[in-house]
Amino acid sequence: EIKFSDGLKMMLLSAIKAFEENRCFYLTEHTMITSTTPESVLDRYFEPIGLAHDDPIVVKAKAENRTKALDWLAVWESMDNRRAHGTLHTIPALGASNMEGTFLKKIMLQRMW
């Protein structure tokens, strides 16, 4: 079972990974398992940003197999992907140069919220 805080962390790490790979990303809750209320986590905590999953651009990208589902384990496997405390990361799209992992997550969370 994934708790809400774990889900939020995965969302945050996925957003950072998208910037690192210079990709767009969208979130879907159809496979999300949380121990929170049945309300939509996205609707409850975030205002709509970016493209909806049924937007024609997203639909076309899916049809052309240009989307990639990012499994939580892929984000969690390495300390580098987890942006662990003490690790340094350079992500030009975020303006981050040798930024410490915890600080990078803090900055990204502020930008998302």
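**View 1. Contacts across the whole chain of this predicted model.** Let us begin with how the chain meets itself: taking contacts between residues at least 6 apart in sequence, 52% join residues at least 24 apart. The protein has six helices and two strands, and reading along the sequence gives the pattern α-α-α-α-α-β-β-α. Of the 113 residues, 27% are buried. The protein exposes about 7900 Å², with carbon and sulfur atoms supplying 55% of that area.

**View 2. The hairpin of strands E1 and E2.** Here you can follow strand E1, residues 88–91, and strand E2, residues 96–100, as they run antiparallel. Three bridges join the two strands. Look for the facing pairs: His89 stands opposite Met99 in E2, and Ile91 stands opposite Ala96 in E2. Four residues lie between the strands, and in this turn Gly95 takes a positive phi of about 70°.

**View 3. The two faces of strand E1.** In a regular strand the side chains alternate between the two faces of the sheet. Strand E1 shows this alternation nicely: His89 and Ile91 point to one face and are buried, while Leu88 and Thr90 point to the other face and are not buried. A good way to read this view is to step along E1 and watch the side chains switch sides.

**View 4. His89 and its surroundings.** Now we zoom in on His89, a residue of strand E1. With a relative accessible area of 3%, His89 falls under the 20% cut-off and so counts as buried. The side chain of His89 makes a polar contact with the side chain of Arg83, at 3.1 Å. Leaving out residues up to four places away in sequence, His89 touches Asp80, Arg83, Ala96, Ser97, Asn98, Met99, Gly101 and Leu104. You may recognise Met99 in that list as the residue opposite His89 in E2.

**View 5. The largest nonpolar core.** In soluble globular proteins, nonpolar side chains tend to be buried together. The largest core in this model has 12 residues: Leu8, Met11, Leu12, Ala15, Ile16, Ile91, Leu94, Ala96, Met99, Leu104, Met108 and Met112. H1, E2 and helix H6, which spans 101–112, each supply at least two residues of this core. H1 gives the most, with five residues. To explore one member, pick Leu94: not counting residues up to four places away in sequence, Leu94 touches Phe19, Leu104, Met108 and Arg111.

**View 6. A salt bridge along helix H1.** The side chains of Lys17 and Glu20 meet in a salt bridge, with N and O 3.5 Å apart. Both residues belong to helix H1, residues 4–20, and because they are three residues apart there, about one helical turn separates them. Lys17 is partly exposed, with a relative accessible area of 22%, and Glu20 is also partly exposed, at 34%. Widen the view a little, and Lys17, Glu20, Glu21 and Arg83 appear linked in a network of salt bridges. Arg83 may be familiar from View 4, where its side chain makes a polar contact with the side chain of His89. A search of the whole structure finds five salt bridges.

**View 7. Helix H3 from its start to just past its end.** Helix H3 covers residues 56–63. At its start, a side-chain oxygen of Asp55 reaches to within 2.8 Å of the backbone nitrogen of Ile57. Further along H3 you will find Ala61, which is buried, with a relative accessible area of 12%. Leaving aside neighbours within four places in sequence, Ala61 is in contact with Arg66 and Thr67. Just after H3, Asn65 takes a positive phi of about 60°.

**View 8. Glu64 and its two salt-bridge partners.** This last stop centres on Glu64, which is partly exposed, with a relative accessible area of 41%. Glu64 forms a salt bridge with Lys60, where the closest N and O atoms are 3.8 Å apart. Glu64 also forms a salt bridge with Arg66, and here the closest N and O atoms are 2.7 Å apart. Arg66 links this view back to the previous one, being in contact with Ala61.

Technical notes
Residues numbered from 1 in each chain as written. Predicted model: local features only at pLDDT ≥ 70, side-chain atom pairs only at ≥ 80, totals over all residues. Heavy atoms only, no water. Buried < 20%, exposed > 50% of the residue type's maximum accessible area, 1.4 Å probe, protein only. Contact = heavy atoms within 4.5 Å. Areas by Shrake-Rupley, 256 points an atom, 1.4 Å probe, with all protein chains shown as cover. Polar contact = N/O pair within 3.5 Å; in protein donor to acceptor, adjacent residues only side chain to side chain. Pairing = 2+ DSSP bridges. Salt bridge = Lys/Arg side-chain N within 4 Å of Asp/Glu carboxyl O. Core = buried A, V, L, I, M, F, W, Y, C linked by side-chain atoms within 4.5 Å.
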